[in-house]
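Good morning, and thank you for coming. Please look at the sequence and the model on the screen while I describe the ligand site and then the interior space.

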Amino acid sequence: MNNEYIKKITWRYAVKKFDPSKKLSDEQLSLVLEAGRLAPSSFGLQAWKIAVIKDPEIRKKLKDAAFGQTQVTDASHLLVLCIRKNIGEQFVDHYINTIAKERGVNISSLSGFKEGMLNSFLQKTEEEKDEWSTRQVYIMLGFILSACAENGIDACPMEGFDPKKFDEILKLKLDGFESRVLCAVGFRSENDEFEKMKKVRFPKEEIITEI
Ligand SMILES: Cc1cc2nc3c(=O)[nH]c(=O)nc-3n(C[C@H](O)[C@H](O)[C@H](O)COP(=O)(O)O)c2cc1C
C-alpha cells in the first residue's frame with residue numbers, strides 16, 4: 001500500500017537488540033510520552049501512569065525480573081505502563097475537578113457524569129477494576145508504538161517480565177500503582193537479526209470479515 005503511515009508501521013518491528021549508545025533526545029522522549037498521555041481511556045479517566053526508567057542500576061535489577069531480556073537495559077529508555085489501584089470516589093473527584101477547571105464549567109453540571117462513573121465502579125470488584133484499567137493501558141501502549149513508528153523511533157512492547165518483582169523494585173515511585181506492560185524505546189542495533197525477518201501477518205481475508 002502506497003501510504004506514508006503504512007510504510008512507517010511496516011518499518012517498525014519489535015526490536016530485540018537496541019544500540020545502547022543511541023539515546024532519544026529530550027524532544028523525542030517528550031513526544032513519545034505525550035502520545036501516551038493523549039491516548040483515549042474509558043470515561044477519559046486515565047487510571048494509569050507511565051514510569052520512565054532511566055537509572056542504569058535499577059534497570060539492571062529489572063532486567064533480571066524480565067528473564068534477562070536485554071531491551072530492558074540497552075534501550076534508550078524503559079517505559080513501565082502501570083494501572084492505578086483502588087479507583088474510587090477520591091480519584092473520580094480529582095478527575096471531575098480537573099474537567100471543571102480545564103473546561104471552565106461548574107462541578108454541579110458534572111454530577112450526572114460522576115454518578116455514572118461511580119455506579120459503574122460500584123458494580124466491579126477490585127479485580128474487575130484492575131482488568132478494566134489494564135485494557136486502557138494497552139490502548140496507551142498502542143498509541144506509544146504508533147507514535148514511535150511515525151517518528152522513526154524504535155520500540156519493543158514487552159509482557160515478558162514479572163510484574164510483582166517490578167513492583168517491588170520500583171515500589172517507592174509506584175505507590176498505588178501496578179506495572180502491566182513495558183515499552184522499551186530507543187534505536188535498533190545494526191546487528192539485530194530480527195530487523196531482516198519478514199513481517200508475518202495473516203492475509204486480509206483471514207483477519208477482516210464483512211458482514
Ligand atoms: C503485549 C505484547 C507483549 C510482548 N512481549 C514481548 C516480550 O516480552 N519480548 C519481546 O521480545 N517481544 C515481545 N513482544 C513483541 C512481539 O513478539 C511482536 O510484536 C510480534 O512477534 C510481531 O512482530 P513485530 O512487532 O516485529 O511486527 C510483545 C508484543 C506485544 C504486543
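**The ligand site and a cavity**

By class, the shell around the ligand holds 6 nonpolar, 3 polar and 5 charged residues; Ala, Val, Leu, Ile, Met, Phe, Trp, Tyr, Cys and Pro count as nonpolar, Asp, Glu, Lys and Arg as charged, and the others, Gly among them, as polar. This is a predicted model, in which local features need pLDDT of at least 70, side-chain atom pairs count only at pLDDT 80 or more, and totals for chains, interfaces and linings use all residues. Residues are numbered from 1 along each chain as its sequence is written, and side-chain values use heavy atoms, with hydrogens and water left out.

Which residues come nearest to the ligand? Of the 14 around the ligand, they are Arg12, Lys16, Gln69, Lys199 and Arg201; a residue is near if one of its heavy atoms lies within 4 Å.

Let me turn to individual atoms. An oxygen atom of the ligand lies 2.7 Å from a polar side-chain atom of Arg12. A polar backbone atom of Ala14 is 2.8 Å from a ligand oxygen atom, and a polar backbone atom of Pro157 is 3.1 Å from a ligand nitrogen atom.

Strand β3 (residues 154-158) gives the largest share of the shell, 3 residues; strands are DSSP runs (E, at least two residues), and helices likewise (H or I, at least four), numbered from the N terminus.

Finally, the largest cavity is lined by residues including Arg12, Leu145 and Asp154. Its lining takes its largest share, 3 residues, from α7.

Methods:
Polar contact = N/O pair within 3.5 Å; in protein donor to acceptor, adjacent residues only side chain to side chain. 1 Å grid on protein atoms, 1.4 Å probe; cavity = no way out; pocket = protein on both sides within 12 Å on 5 of 7 lines; lining within 4 Å.
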